Amino acid sequence: MSKNTLLTTATGSPVPDDDTSISAGPRGPLTWDNHYTFEKLAHFNRERIPERVVHARGTGAYGTFTLTRSMSEWTIADFLQREGEQTEAFVRFSTVGGGQDSSDYARDPRGFAVKFYTAEGNYDMVGNNTPVFFLRDAIKFPDFIHSQKKNPRSNLPDPAAMYEFWANHPQSLHQVTILMSDRGIPASYRHMHGFSSHTFSFWNAEGERFWFKWHFKTDQGIRNLSPEEAAAMPPFGAQQDLVEAIDRGDFPSWTAKVQIMTEAQARDYHINPFDLTKIWPHGDFPLIEVGRLELNRNVENYFAETEQACFAPSNLVPGIGASPDKMLQGRLLAYQDAHRYRVGVNANQLPVNAARCPVHHYQRDGAMAGCPVAGGNNQGSGVNFYPNDGINAGAPVPEPRVAEPPMPLEEEAWVNRYPVGADEDHYSQAGDLFRWMDDAQREGLARAIAEGLSQASPSVQERMLEQFARADAEYAARVEAALKARA
Ligand code: HEM
């Protein structure tokens with residue numbers, strides 16, 4: 001017997017030959033008893049699952065979150081109580097617009113998704129490397145993404161469509177300014193920050209609610225690439241950089257911080273705290289350091305772990321809730337729906353997605369239910385309806401203690417559509433960011449904008465210049481000059 005492992009079929013039978021199919025004579029056709037060849041070909045046909053509709057290209061790794069400050073003042077979240085406690089995490093970084101084999105170095109936001117495997121279930125923070133987003137209402141997301149991805153006819157990137165969307169949505173200006181700035185192309189996933197961007201809620205043991213935002217500050221320092229440097233990079237460089245850093249024991253880390261706003265502050269604050277296109281100024285809501293996230297283990301199998309990883313903003317734990325942010329509300333539906341389509345109805349039984357604490361519920365069956373590889377036994381012989389008379393004998397029951405405190409709506413909250421008002425301030429924070437940049441950064445911003453905007457129609461260019469002017473007259477003047485220089 002050789003020292004090698006025995007090659008078997010998918011059902012464990014030893015395979016006599018993996019080079020040659022059975023044929024009728026050396027020059028003859030294959031015969032019908034080639035069931036092993038057929039098994040291989042049929043499985044191969046099914047090797048792909050749909051790629052993520054956004055954030056298709058990404059890289060994942062495991063790590064540890066260490067709490068450095070108890071958060072019990074603000075939240076009952078179990079993993080945020082005891083200083084020094086460690087929680088296992090899985091993180092996936094990504095670009096947004098490109099397909100699975102696109103470049104890691106596109107000018108594009110970067111996804112920053114963290115799954116915390118806590119003792120009270122999985123908590124996912126599905127954020128980006130930017131503190132704001134382009135939009136304020138989930139209904140706009142599909143149109144926005146269509147405009148940023150490839151043209152339906154040419155299948156080529158379409159800067160004219162991108163700017164046409166932005167020209168019609170001044171609410172995007174803040175994020176466009178970030179994207180076109182020198183932070184638009186991070187040098188690697190290790191050298192960028194992560195943000196929840198959205199506002200979420202904490203609640204404490206007294207039932208008090210607080211609004212908060214996550215900030216993960218890179219301990220490696222920020223590093224970005226110029227467009228020329230990015231163009232010279234190998235397409236898979238950011239993935240290679242992360243895998244190799246972890247393999248050589250150079251574990252990247254981020255300092256986790258939060259901004260916190262009380263419910264009373266939220267009622268009076270001059271910025272809508274649930275508007276994803278705005279930041280909360282740090283002067284008003286300072287960063288509070290809470291922990292450290294370190295990545296220290298690569299995946300063993302990219303497809304099984306990273307490709308099938310399922311992050312959802314609705315994966316919340318007691319003590320952390322959503323907020324009325326209209327984008328976040330849409331995301332509470334979108335992700336689990338995507339997972340059911342992309343990975344399957346029992347995606348949460350896969351090892352990368354499975355909770356590290358016991359899971360008991362009354363959901364049953366569906367594709368792959370109970371597969372030991374998928375980590376579940378379909379709840380075994382347990383009763384499959386609720387309520388049931390087995391409750392006293394240990395059947396799963398809800399725990400009212402973990403209910404979120406009731407959330408007050410605004411007074412006179414009429415159910416209606418509330419469009420963004422014409423007098424809405426989309427400009428001050430974009431202008432602040434522009435004024436914060438030095439001369440070289442302003443020039444780089446104008447050049448990056450002109451590159452795409454020069455391909456848009458005169459009407460789109462005019463509307464974009466109006467937006468820049470409302471943020472800062474110099475912003476518009478610089479973009480106009482950069483456009484002329486390209487003409
Ligand atoms: C209403 C707005 C949005 C919708 C409908 C939406 C929808 C989606 C969908 C369907 C996916 C693919 C999920 C999968 O197949 O596993 C995805 C991925 C992702 N989205 Fe969103 N998204 C929205 C806004 C945002 C925002 C504002 C952020 C960041 C603040 C964000 C961050 C991410 C990240 C990081 C991923 C990749 C997760 C992973 O690594 O698997 N998305 N989004």
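Q: How do the residues of the shell around the ligand divide into nonpolar, polar and charged?
A: The model is a predicted one. In it, 26 residues surround the ligand. The closest are R52, R92, R331, Y335 and R342. By class, the shell divides into 14 nonpolar, 8 polar and 4 charged.

Q: Which protein residue is the donor of the iron atom of the ligand?
A: Donors must lie within 2.8 Å of the metal. One protein atom is the only donor here, an OH at 1.7 Å. The residue that carries this OH lies in helix α9. It is Y335.

Q: Which side chain has an N or O atom 3.1 Å from an oxygen atom of the ligand?
A: Polar contacts reach up to 3.5 Å. A ligand nitrogen is 3.4 Å from an N or O atom in the H55 side chain. For R331, a ligand nitrogen is 3.3 Å from such a side-chain atom. The contact with a ligand oxygen, at 3.1 Å, belongs to H339.

Q: Which element gives the largest share of the shell around the ligand?
A: The elements that give two or more residues are β3 (110-118), β4 (121-128) and α9 (326-342). The largest share is 7 residues. Y335 lies in the helix that supplies them. That helix is α9.

Q: Which elements do the buried residues of α3 pack against?
A: Helix α3 covers residues 159-167. Its buried residues are P159, A161, Y163, F165, W166 and A167. Buried means under 20% relative accessible area. These residues pack against α2 (141-148), α4 (173-179), α11 (439-453) and α12 (458-471).

Key. Residues numbered from 1 in each chain as written. Predicted model: local features only at pLDDT ≥ 70, side-chain atom pairs only at ≥ 80, totals over all residues. Heavy atoms only, no water. Near = heavy atom within 4 Å. Polar contact = N/O pair within 3.5 Å; in protein donor to acceptor, adjacent residues only side chain to side chain. Helix = DSSP H or I, 4+ residues; strand = E, 2+ residues; numbered from the N terminus. Nonpolar A, V, L, I, M, F, W, Y, C, P; charged D, E, K, R; others polar. Donors = N, O, S within 2.8 Å, 3.2 Å for Na, K, Ca; no water. Buried < 20%, exposed > 50% of the residue type's maximum accessible area, 1.4 Å probe, protein only. Contact = heavy atoms within 4.5 Å.
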